[in-house]
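Please open the model in your viewer and keep the sequence panel visible. The tour proceeds by selection, and each stop describes what is to be found there.

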Amino acid sequence: MGIRLKRQGGMNACEDTPKVPETLKYGEPAVDSAGTLYIGDGSGVVRKVGPQLYTGTFTMGGWVSMSGYFTQTQNVTPVGGGAPIKATAMLGIPQSTQTNDRAKNEAKQEALGFFAAGKCTPGEGAVTIKCWEKPTCDVDVFWEAR
């Protein structure tokens with residue numbers, strides 16, 4: 001006996017935008033057109049299996065100076081849908097997008113270095129960054145979280 005998965009688009013080749021299944025029974029697996037695996041938790045909630053990507057924008061003017069370091073808390077959202085981030089999540093390395101502007105890219109990369117050298121702490125639906133140098137630009141930050 002094998003595992004049977006619900007697949008977005010049924011048995012046809014599917015080029016639809018990936019969609020999170022709305023409901024699954026407890027332990028029931030499903031896969032979307034991008035190959036992302038989901039499972040039902042028994043309470044009507046569908047959970048993504050594996051790491052989830054979250055994003056939030058940390059603004060240049062939002063940093064608060066405290067005892068020699070800078071801190072900022074921002075709400076983060078799951079990319080492509082999914083559950084809000086939890087305080088118990090383990091965050092990967094902070095990442096960002098690139099532009100066609102060299103100066104902006106360099107400023108964003110410098111800020112990401114500040115974040116990686118500091119501390120990124122998940123909360124309920126938010127992430128707090130503590131760093132020892134103040135970024136000189138807004139940064140759209142992405143984390144993989146487990």
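**First stop: a hairpin**

Select residues 64–66, strand S6, and residues 69–75, strand S7: the two strands run antiparallel and are joined by three bridges. The model is a predicted one, in which local features need pLDDT of at least 70 and side-chain atom pairs count only at pLDDT 80 or more, while totals for chains, interfaces and linings use all residues. Residues are numbered from 1 along each chain as its sequence is written, and side-chain values use heavy atoms, with hydrogens and water left out. Strands (E, at least two residues) and helices (H or I, at least four) are DSSP runs numbered from the N terminus; two strands pair if DSSP finds at least two bridges between them.

Within this hairpin, Met66 has Tyr69 of S7 as its bridge partner. Two residues lie between S6 and S7, and Ser67 in the turn has a positive phi of about 50°.

**Second stop: the sheet around the hairpin**

Extend the selection to residues 126–131, strand S11, which is joined to S7 by six bridges in an antiparallel arrangement. Here Thr71 has Lys130 of S11 as its bridge partner. Next add S10, which pairs with S11 over four bridges, again in the antiparallel sense. Lys119 stands opposite Lys130 in S11.

The four strands now selected form an open sheet in the order S6-S7-S11-S10, with antiparallel pairing. S6 and strand S10 (119–122) are the edge strands, each pairing on one side only. On average, neighbouring strands of this sheet are turned by 25° against each other, direction ignored.

Display the side chains of Lys130 and Tyr69. The charged end of Lys130 sits over the ring of Tyr69, 4.2 Å from its centre; the criterion is that NZ of Lys or CZ of Arg is within 6 Å of the ring centre and within 35 degrees of the ring normal.

**Third stop: the other sheet and a helix**

Which strands form the open sheet that includes S12? The order is S8-S5-S12-S9, and the pairing is antiparallel. Its edge strands, each pairing on one side only, are strand S8 (77–78) and strand S9 (95–96). Select S9 with strand S12 (residues 139–145): two bridges join these antiparallel strands. Ser96 has Val141 in S12 as its bridge partner.

Now select helix H1 (residues 102–117), which packs on the sheet and touches S9 and S12; contact means heavy atoms within 4.5 Å. The direction of H1 makes about 45° with that of S12. Axes are lines fitted to C-alpha atoms, for helices over the stretch in contact, and angles run from 0 to 180 degrees between N-to-C directions.

**Final stop: aromatic rings**

Rings of Phe, Tyr and Trp (its six-membered ring) pair if their centres lie within 6.5 Å; planes under 30 degrees apart count as stacked, over 60 as edge-to-face and the rest as tilted. By this rule there are four aromatic pairs. Select Phe58 and Trp143, an edge-to-face pair with 5.9 Å centre to centre and 80° between the planes. Phe58 belongs to strand S5 (residues 52–58) and Trp143 to strand S12, 85 residues apart. Phe58 is buried, with a relative accessible area of 1%, and Trp143 is buried at 0%; buried means under 20%, exposed over 50% and partly exposed in between (1.4 Å probe, protein chains only).

Then select Trp63 and Phe115, a tilted pair with 5.6 Å centre to centre and 35° between the planes. Trp63 lies in the loop between S5 and S6 and Phe115 in helix H1, so this pair ties together parts that are 52 residues apart in sequence. Trp63 is buried at 8% relative accessible area, and Phe115 is buried at 1%. Finally, select Phe58, Trp63, Phe115 and Trp143 together: ring pairs link these residues into a cluster.
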